[in-house]
Amino acid sequence: MKKYQTEFKLEVVKSFLAGDGGAKLLARRWSLPEEKVRTWVSHYRLHGIDGLRPKRSAYSAQFKLQVLSHQDREQLSSRQVAAVYDIRNPNQVVVWRRKLDEGGVEALGSGNHGRPNMKPEQRCPAPPGPVMTDSAQTLREENARLRAEVAYLKKLQALIRAKRSVAPTKRV
């Protein structure tokens, strides 16, 4: 994947905003994918020059769920919700959606990416755990039940969304 300098991105965005052409025309002129032009313009409008600068981020499962629920609630495209939350790669939202639909909330949290650690893992012996009281046990059971309920509702939403997208359209 080709990396673009911030100054170049800014030049393309400013020519778009100045009305020198639409995304398709500018993409041809600068030999870029049209999607890049649209993404850069969205990021620039929402975040200014910082929206065009390189960014490396690791996102928590809670943040991913927040992004996906905002997308559902506002009926936004992946590109639109990525621009709102300053996520540089809109396809990342699509990946999160697929993980959520296939594996539930737990799938969003497993972020074991990148190179494996070369040093052998050294663990301290675990201290003896506290004796679990009835109230703590009750809370854990309720927490597990609520997690299952949320996962069930997410799956139901995914099925409804899939059914809507496959529903035949009537022609008049």
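**Close-up 1. Helix α6 passes helix α8 in a left-handed crossing.** This is a predicted model, and here we look at the spot where α6, residues 90–103, meets α8, residues 134–166. Their axes come within 8 Å and cross at roughly 115 degrees. Angles of 65 to 115 degrees count as roughly perpendicular, and that's why α6 and α8 get this description. On the α6 side, look for R97, L100, D101 and E102. Their partners on α8 are K154, K155, A158 and R161. Sorted by class, this contact has 6 charged residues and 2 nonpolar ones, with no polar residue taking part.

**Close-up 2. The second largest pocket is lined by residues that include several from α8.** Still in the predicted model, we now turn to an open space with a volume of about 200 Å³. Around this second largest pocket sit Q71, D72, Q75, L76, Q157, I160, R161 and R164. Who supplies the lining? Both α4 (61–74) and α8 give at least two residues each, and α8 has the largest share, with 4. The lining is a mix: 3 charged, 3 polar and 2 nonpolar residues. If R161 rings a bell, that's fair: R161 of α8 also belongs to the contact with α6.

**Close-up 3. Helices α1 and α2 meet in a right-handed crossing.** Zoom in on α1, residues 6–17, and α2, residues 23–30. The two axes come within 10 Å and cross at roughly 140 degrees. Are they perpendicular or oblique? An angle over 145 would count as roughly antiparallel and 65 to 115 as roughly perpendicular, so α1 and α2 end up oblique to each other. From α1, the residues F8, E11, V12, S15 and F16 reach A23, L26 and W30 of α2. This contact holds 6 nonpolar residues, joined by 1 polar and 1 charged.

**Close-up 4. Helix α1 also packs against helix α3.** Here α1 comes together with α3, residues 34–47, at an angle of about 85 degrees. The axes are 9 Å apart, and the angle makes α1 and α3 roughly perpendicular to each other. The α1 side of the contact is made by F8, K9, L10, V12, V13, K14, F16 and L17. Facing them on α3 are V37, W40, V41, Y44 and R45. What classes do these residues fall into? There are 10 nonpolar and 3 charged residues, and no polar ones. A few names may look familiar from the previous view: F8, V12 and F16 of α1 also meet α2.

How values were computed
Residues numbered from 1 in each chain as written. Predicted model: local features only at pLDDT ≥ 70, side-chain atom pairs only at ≥ 80, totals over all residues. Heavy atoms only, no water. Axes fitted to C-alpha atoms, helices over the stretch in contact; angles between N-to-C directions. Parallel < 35°, antiparallel > 145°, perpendicular 65-115°, else oblique. Left-handed = near helix turned anticlockwise from the far one by under 90°. Contact = heavy atoms within 4.5 Å. Nonpolar A, V, L, I, M, F, W, Y, C, P; charged D, E, K, R; others polar. 1 Å grid on protein atoms, 1.4 Å probe; cavity = no way out; pocket = protein on both sides within 12 Å on 5 of 7 lines; lining within 4 Å. Points joined across faces, edges and corners; volume = space filled by probe spheres on them.
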